[in-house]
Amino acid sequence: MAGLIPQGFIDDLLGRIDIVEVVGARLKLKKTGKNYSALCPFHNEKSPSFSVSPDKQFYYCFGCGAGGSALSFVMDFDRLDFPQAVEELARQAGVEVPHEERSDGRKSNNRTPRKDNPLYALLEQAAAYYRQQLRQHPARQRAVSYLKGRGLSGQIAKVYDLGLAPPGWDNLMSHLARDTSEQKALIDAGLVVENPDSGGRYDRFRDRIMFPIRDSRGRTIGFGGRVLGDEKPKYLNSPETTVFHKGQELYGLYEAKQQNRQLNEILVVEGYMDVIALAQHGITNAVATLGTATSEEHLKRLFRLVHNVIFCFDGDRAGRQAAWRALNSALPVLEDGRHVRFLFLPDGQDPDTMVREEGTDAFRRRLEREALPLTDYLFRHLAEETGADSLEGKAHMASLALPLIDQIPGSMLRRLLRQSLQQQTGLDLDSIEPAAMPTATEQPAGNDAGNHAHPLHDEGVPMDVWGDWSERDDSGGDYYLPEGMDSKPPAASESRRFTPRDSERKGRSGGKKALRREVDSPLLQAVRTLLHHPHLAAHAQQANQMADEDDDEARLLVALVDAAQKQPGLTTIELLARWHGTAMGEQLNRLAEQEWLLTSPGVNLEQQFFDTINRLTAQQNERRLQHLLDKSVTEPLSAEEKQQLRDLLGSRNTRKNDG
């Protein structure tokens, strides 16, 4: 049975693998000094900006910012999820991947089940049944006529595995279930519904065209069904199951990858038929959300495959609302080098009708000429909502735009957007006090942006930007968690995410809580130093002496020190691998990339590291000392506590004398 991949095996595997060999097997590398260079496979370029370091066992693209280990390269280049990439590297190294349960007996918090989940086989049997019904059922002609009327061929129906759920209440259940336990499995798979009052069971999908929904590996995980008449709802999706999470999946993504060896961009549309109709006309890079708004998770998934995403929406009010929601989801993942555009079709048109009416070439030209860059759409939308022709409107526009712009992690794009906003409004944005920024509820009237903005702390930091510590993405497989790291995200009131842009911002409000700095904090500098010099942890204070730190950056440093102290000899890439697949791992990867790119001549990094560690220890000792002093006022101290108090006072006096 597949289970968690042991952390030690990941460390050992990365120690065996040479990233130059892994990348060199897929790209043509050229020796440039001590590193290797190539044309980046993750974006189009004419001169090489992709560099591979054999010393660091790390790759980085100076053009698009892609970077990571051999494991992340295989995931992105071969389009594999985490367990599949581990299997591929293990195959190259000639070793087998072991699996084990978590030592604490708890279930892994993966969003996708283990490979042997019986629902996969059951859903595939259902897909085969629906395909057969479309070919053989007496009522098939009505469905075939409908599909032909929409301009679809038998060949494209085969590509997308279309089927038919015939009329009747229990056709599928009778075909697949022989007893009540098998009926229960069909209920778990979302294929059969049980009436809570009567206990009666019947097929969920009846008299509908069936659209199998497939995951990144091509496994059927759910279905969408469209009625053949005027019944409601027009489209019906599978419910949430252990294998199907509609807020994370994209219809047609698997087929798009199968039909395009090298995807350059992905077109996001609103419906199943839009995806299939476009593919019928040769536009095979379209996907659709499953009846939900485009989420940040959707965008993360797409940007792991391409650097260009186009949203295609109807030009009516609903389409523009969907576009604004998509823009809000895109902002937090808009790294430099990533591009998002929006195409609004004429009222009453959708991609299906449009491509049939004007043809493939005209539709492609429309995409090229009329799709608005996200930045243009952002400013145009806000200008329309605020009436930016007046001074008051310009001020209102700036107050709404700044919090949105500040969500963008790409520093160059963020800077250019601020400059553009400054030109459009005539405001000196650097002089605006943070108090002038709106709260999360202050959004443009007439749209539902407020429904999708992040709630803010009193410091102006989104409360939910931590996301999910346990996973990097929603692709299939069993992820391991480093020892001591819980799969649940910290409570919003306890922490906030520390992002690279936090360290780039300049503090405008002053004091210790300023959110913007010109350079990284000493804590992040210490993390970066330790990443590239893990041996320093052996000479630092024990991590348990700093374990009470509640500052996010301090906790990151303490976790790194603890890992390096518990397992001396870890390399940089082995440290990074311990948190691979987590939000914390992404942060560490960014810091590692920055250290490789940015050097500080004349700076004693080791001394800075130890100064930071000593300061953390001193701060924690001071807190312990104050706690004991406060306690001694209200109750007697134990002998152990008295000795600890004497030691702490002695240590404080020593520091004062030394100072």
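## Overall picture

A residue is called buried when its relative accessible area is under 20%. By that standard, 53% of the 659 residues of the protein chain count as buried. Please keep in mind as you read that this is a predicted model.

The protein chain holds 25 helices and 17 strands. How do its contacts spread along the sequence? Taking the contacts between residues at least 6 apart in sequence, 67% join residues at least 24 apart.

## The four-stranded open sheet

Let us start with a sheet. Strands of a sheet pair through backbone hydrogen bonds, in either a parallel or an antiparallel way. Here four strands make an open sheet, ordered E6-E9-E10-E11, and their pairing is antiparallel. Strand E6 (163-165) and strand E11 (235-237) are the edge strands, each pairing on one side only. On average, and with direction ignored, neighbouring strands of this sheet are turned by 35 degrees against each other.

At the E11 edge, strand E10 (residues 220-227) is joined to E11 by three bridges, and the two run antiparallel. If you would like a place to look, arginine 226 has tyrosine 235 in E11 as its bridge partner.

Two helices are found against this sheet. Helix H5 (residues 118-136) lies across E6, strand E9 (208-214) and E10, and runs at about 35 degrees to E10. Helix H6 (residues 140-149) also packs on the sheet, where it touches E6, E9 and E10. The direction of H6 makes about 65 degrees with that of E9.

## Strand E14 and its partners

Strand E14 (residues 286-289) is a good one to inspect residue by residue. Ala286 and Ala288 point one way from the strand, Val287 and Thr289 point the other way, and all are buried.

Which strands pair with E14, and in which sense? Strand E12 (residues 250-251) is joined to E14 by two bridges, and these strands run antiparallel. In this pairing tyrosine 251 stands opposite alanine 288 of E14. Strand E13 (residues 265-269), by contrast, pairs with E14 in the parallel sense over three bridges. There, valine 268 has valine 287 in E14 as its bridge partner.

## Helices H16 and H17

Now to the helices. Two packed helices are described by the angle between their axes and the distance between the axes. For helix H16 (residues 374-386) and helix H17 (residues 391-405), the angle is about 140 degrees and the axes are 9 Å apart. H16 is therefore oblique to H17. The crossing of H16 past H17 is right-handed.

From H16, the residues Leu378, Phe379, Leu382, Ala383 and Thr386 take part in the contact. They meet Gly393, His396, Met397, Leu400, Ala401, Leu404 and Ile405 of H17. By class, this contact of H16 with H17 has nine nonpolar, three polar and no charged residues.

## Helices H20 and H21

A second helix pair is formed by helix H20 (residues 522-532) and helix H21 (residues 552-566), whose axes come within 9 Å and cross at roughly 20 degrees. Because roughly parallel covers angles under 35 degrees, H20 and H21 are roughly parallel to each other. H20 passes H21 in a left-handed crossing. On the H20 side, Leu523, Leu524, Ala526, Val527, Leu530 and Leu531 meet Glu553, Ala554, Leu556, Leu557, Leu560 and Val561 of H21. The residues of this contact between H20 and H21 divide into 11 nonpolar, no polar and one charged.

How much of H20 is covered? The helix is mostly covered, with nine of its 11 residues buried. Among the buried residues of H20 are Arg528, Thr529 and His532. Ala526 is buried too, and its C-alpha atom is separated by 7.0 Å from that of glutamine 608, 82 residues apart along the chain.

## Two glutamines

Is glutamine 608 buried or partly exposed? This residue, found in helix H24 (residues 605-634), is partly exposed, because its relative accessible area is 32%.

Glutamine 349 is found in the loop between strand E16 (339-345) and helix H14 (351-358). Its relative accessibility is 14%, so glutamine 349 counts as buried. Neighbours within four places in sequence aside, glutamine 349 is in contact with Asp314, Met354 and Glu357.

Notes: Residues numbered from 1 in each chain as written. Predicted model: local features only at pLDDT ≥ 70, side-chain atom pairs only at ≥ 80, totals over all residues. Heavy atoms only, no water. Axes fitted to C-alpha atoms, helices over the stretch in contact; angles between N-to-C directions. Parallel < 35°, antiparallel > 145°, perpendicular 65-115°, else oblique. Left-handed = near helix turned anticlockwise from the far one by under 90°. Contact = heavy atoms within 4.5 Å. Nonpolar A, V, L, I, M, F, W, Y, C, P; charged D, E, K, R; others polar. Buried < 20%, exposed > 50% of the residue type's maximum accessible area, 1.4 Å probe, protein only. Pairing = 2+ DSSP bridges.
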